[in-house]
Amino acid sequence: FSMISVTTIGYGDMTPKTSCGEFVACMAGLSGIFVLGLPISIIGVKFQERYDEMLREVKINNERDRLTKIDAKLQSMKGMKVLANKILGPRDPQAGDLTAQELDTVQRRCLDVFKEVDTDESGEIDLEELGAGMKQLGMEIERDVLEVMMQAMDDDGSQTGVSISS
C-alpha cells in the first residue's frame, strides 16, 4: 500500500483491510494533495509576484533619491554660479582661466563677502549665515540645497561651517 507513503499520510504500517477501504484511503490522500498542494503553490506564486513588485518599488525609490540628490547638486551649482557672477561681475564665458589680477580681485571680494556674511564674527559661516547671505544677494534657496552647497565648500570635512584664513 505505497499510496499512503507517497501522499505522506503515514508510513503504511496501518492499512485498510478491503479494496474499498484502500480506494477511500487513496482518494483521501489525493484530495489532501489537491486541497493543500494547489493553494500552497498559488500562494507561493502570488508571494513571489508581490516580492518582485516590492523589489521594483525599492529600486524606483533608490533611483528617485539619487536623482533628487543630483538635482540638489545642480541647484547648488546654479547658486554658486550666481554668487560667482555677483562677485566677479559679467565675464565672457569663453575667456578661459582667471588671470592673476582676477584671482586677486576674487580673493579680496570673497574675503569682504565672507566678513559680511559671518554675522556672528566666529570666523566660520554656518548654514543659517549662508542662507542669509544668499538671501541678501536676492536668492531664496531651500535648506537642502544650502546643505549641498555647504558640503561642496567644506574643505576640512568638519561639517560645522566654512572657515576662511585671513
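These are my notebook entries on what I looked up in this structure, which is a predicted model.

**Entry 1: the chain as a whole**

I began with the secondary structure and found 5 helices and 2 strands in the chain. Reading from the N terminus on, I wrote down the order of the elements as α-α-α-β-α-α-β. I then looked up burial, and of the 166 residues of the chain, 20% count as buried. For the surface, I noted that the chain exposes about 12,800 Å² and that carbon and sulfur atoms supply 58% of this area. Last in this entry I turned to contacts with a separation of 6 or more, of which 39% are between residues 24 or more positions apart.

**Entry 2: the nonpolar core**

Which residues make up the largest nonpolar core? I listed 12 residues in all, namely Phe114, Val117, Ile125, Leu127, Leu130, Met134, Met139, Ile141, Val145, Leu146, Met149 and Met150. When I sorted this core by element, I saw that helix H3 (100-117), helix H4 (127-136) and H5 each supply at least two residues. The helix that gives the most to the core is H5, with 4 residues. As background I added that in soluble globular proteins, nonpolar side chains tend to be buried together.

**Entry 3: how H4 and H5 meet**

Since both helices had come up in the core, I went on to their geometry. The axes of H4 and H5 come within 10 Å and cross at roughly 110°. Angles of 65 to 115 degrees count as roughly perpendicular, and H4 and H5 are therefore roughly perpendicular to each other. On the H4 side of this meeting I noted Leu127, Glu128, Leu130, Gly131 and Met134, and on the H5 side Arg143, Leu146, Glu147, Met149, Met150 and Met153.

**Entry 4: valine 148**

I stayed with H5, residues 143-153, and picked out valine 148, which has its place in this helix. Is valine 148 buried or exposed? Its relative accessibility is 17%, and because buried means under 20%, valine 148 counts as buried. I also checked a partner that is distant along the chain: valine 148 and lysine 73 are 75 residues apart in sequence, while their C-alpha atoms are separated by 6.2 Å.

**Entry 5: salt bridges**

I looked up the salt bridges next and found that the structure holds 7 of them. I wrote out some of these pairs, together with how exposed each partner is.

- Lysine 46 forms a salt bridge with glutamate 49, and the closest N and O atoms are 3.7 Å apart. The two residues are separated by about one helical turn because they are 3 residues apart in helix H2 (residues 19-88). Lysine 46 counts as exposed at 52% relative accessibility, whereas glutamate 49 counts as partly exposed at 44%.
- Glutamate 63 forms a salt bridge with arginine 66, with 2.6 Å between the closest N and O atoms. I found both glutamate 63 and arginine 66 in helix H2, 3 residues apart, which is about one turn of the helix. Glutamate 63 is partly exposed, with a relative accessible area of 35%, and arginine 66 also counts as partly exposed, at 43% relative accessibility.
- I then came to a network, in which salt bridges that share partners join Arg50, Glu53 and Glu57. Within it, arginine 50 forms a salt bridge with glutamate 57, the closest N and O atoms being 4.0 Å apart. Arginine 50 is partly exposed, with a relative accessible area of 45%, and glutamate 57 is partly exposed as well, with 38%.

**Entry 6: a backbone angle to note**

Where does glutamate 121 lie? I found glutamate 121 in the loop between H3 and strand E1 (124-125). I recorded this residue since it has a positive phi of about 55° although it is not a glycine. I also looked up its accessibility, and glutamate 121 is exposed, with a relative accessible area of 71%.

Key
Residues numbered from 1 in each chain as written. Predicted model: local features only at pLDDT ≥ 70, side-chain atom pairs only at ≥ 80, totals over all residues. Heavy atoms only, no water. Buried < 20%, exposed > 50% of the residue type's maximum accessible area, 1.4 Å probe, protein only. Contact = heavy atoms within 4.5 Å. Areas by Shrake-Rupley, 256 points an atom, 1.4 Å probe, with all protein chains shown as cover. Core = buried A, V, L, I, M, F, W, Y, C linked by side-chain atoms within 4.5 Å. Salt bridge = Lys/Arg side-chain N within 4 Å of Asp/Glu carboxyl O. Axes fitted to C-alpha atoms, helices over the stretch in contact; angles between N-to-C directions. Parallel < 35°, antiparallel > 145°, perpendicular 65-115°, else oblique.
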